[in-house]
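Dear colleague,

Here is the structure for your files. My notes on what turned up in it follow below.

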Amino acid sequence: MCTRFVYRGSNMITGFNFDIDLSVWTHKVIKEKNRFSIGIMRPDKTYHSYHGVNQNGNAGTLLYVHGNSDGAYQTGHNCMTVADLTERFINAELSFDEVLQIVKTKKIVYAPDATMQAMLSDIQGRTLVIEPGIGYREEQGKYSLITNYSLIKPESTKDFIVPGDNRYEVALQLLDSHKSEFSIDDAFTLLHAVRQEGMWATRVSFVYSANEHAVYYTENNHFENIRKFTFPAD
């Protein structure tokens, strides 16, 4: 359960709620000179940055989705996992244009042990939705939004919508209500409105401001305690 949005106004702002079951996944907030990320412990005993922002403005997130057989994990020169693609984008090993070329020429598949879809954006707000086994879509307009269901082929995941899960509708209404400007406070208002509690509670919420070259974040739904991480000047 996660929520991610991109707002393309005078300030490109992107926000993310990281909702996760702590009995299944181990995570930590990682603050480095060139990267802010949420590290996920993998079987190789390494924290991998599958959600985060690079100093260059690349922002990537993976969101759980009920998988389809066409996106099943496989190896080969012409295949790439959505997890690897997202991590390399966050780590600035791939540009937005290079990612776009990859999704046009390779088959994007799930990781061996997780079915995820991705939203990637750059500092200009160019946004790419990647759904293994379904396809990809470049997003335009004032904003983009994704939760844990397919945007490209919604009928493929409609049977898995959790009763009462209105995160997408609530976030969409809030985004649509802003006709011109959208602030850091507005972003946290949205993330607070769609926060989760219980087993799949929101563990980390972050907002990236392109104009400020900074990430604002809070942990465990403590929206009264928002911290700021500023990338160093070039």
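**Helices, sheet, a buried asparagine and a pocket**

Helix 2 (residues 96–105) lies across strand 9, strand 10 and strand 11, and runs at about 30° to strand 10. Please keep in mind throughout that this is a predicted model.

The strands under helix 2 belong to an open sheet of seven strands, with the order 3-4-5-6-9-10-11 and antiparallel pairing. At the edges stand strand 3 (27–32) and strand 11 (135–139); each has a single partner strand, so one side of each is left without a neighbour in the sheet. On average, neighbouring strands of this sheet are turned by 25° against each other, direction ignored.

Within the sheet, strand 9 (residues 116–121) and strand 10 (residues 127–131) run antiparallel and are joined by four bridges. Ala118 has Ile130 in strand 10 as its bridge partner. Helix 1 (residues 82–90) also packs on the sheet, where it touches strand 4 (35–41), strand 5 (47–54), strand 6 (59–64), strand 9 and strand 10. The direction of helix 1 makes about 50° with that of strand 5.

Next, a polar residue. Asn17 is placed in strand 2 (residues 12–19). Is Asn17 buried or exposed? Its relative accessible area is 0%, and because the cut-off for buried is under 20%, Asn17 counts as buried.

What does the side chain of Asn17 reach? One partner is the backbone oxygen of Leu191, at 2.8 Å. Another is the side chain of Ser205, which a polar contact of 2.6 Å joins to that of Asn17. Leaving aside neighbours within four places in sequence, the residues in contact with Asn17 include Leu191 and Ser205 again, along with Cys2, Thr3, Val194, Arg195, Thr202, Val204 and Phe223.

Last, the open space. The largest pocket has a volume of about 280 Å³. It is lined by 19 residues, of which Ile20, Trp25, His51, Ala114 and Met116 are the closest to its centre. Which strands each supply at least two residues of this lining? They are strand 2, strand 5 and strand 6. Strand 6 gives the most, with three residues. Strand 2 thus appears twice in these notes, as the place of Asn17 and as a contributor to the lining of the largest pocket.

Regards

Technical notes
Residues are numbered from 1 along each chain as its sequence is written. This is a predicted model: local features need pLDDT of at least 70, side-chain atom pairs count only at pLDDT 80 or more; totals for chains, interfaces and linings use all residues. Side-chain values use heavy atoms; hydrogens and water are left out. Buried means under 20% relative accessible area, exposed over 50%, partly exposed in between (1.4 Å probe, protein chains only). A polar contact is a pair of N or O atoms within 3.5 Å; within protein, one must be able to donate a hydrogen and the other to accept it, and residues adjacent in sequence count only if both atoms are side-chain atoms. Contact means heavy atoms within 4.5 Å. Two strands pair if DSSP finds at least two bridges between them. Axes are lines fitted to C-alpha atoms, for helices over the stretch in contact, and angles run from 0 to 180 degrees between N-to-C directions. On a 1 Å grid over the protein atoms alone, a cavity is a set of points where a 1.4 Å probe fits but cannot get out, and a pocket is an open set with protein on both sides within 12 Å along at least five of seven lines; lining residues have an atom within 4 Å of a point. Grid points are joined across faces, edges and corners, and a volume is the space filled by probe spheres set on the points.
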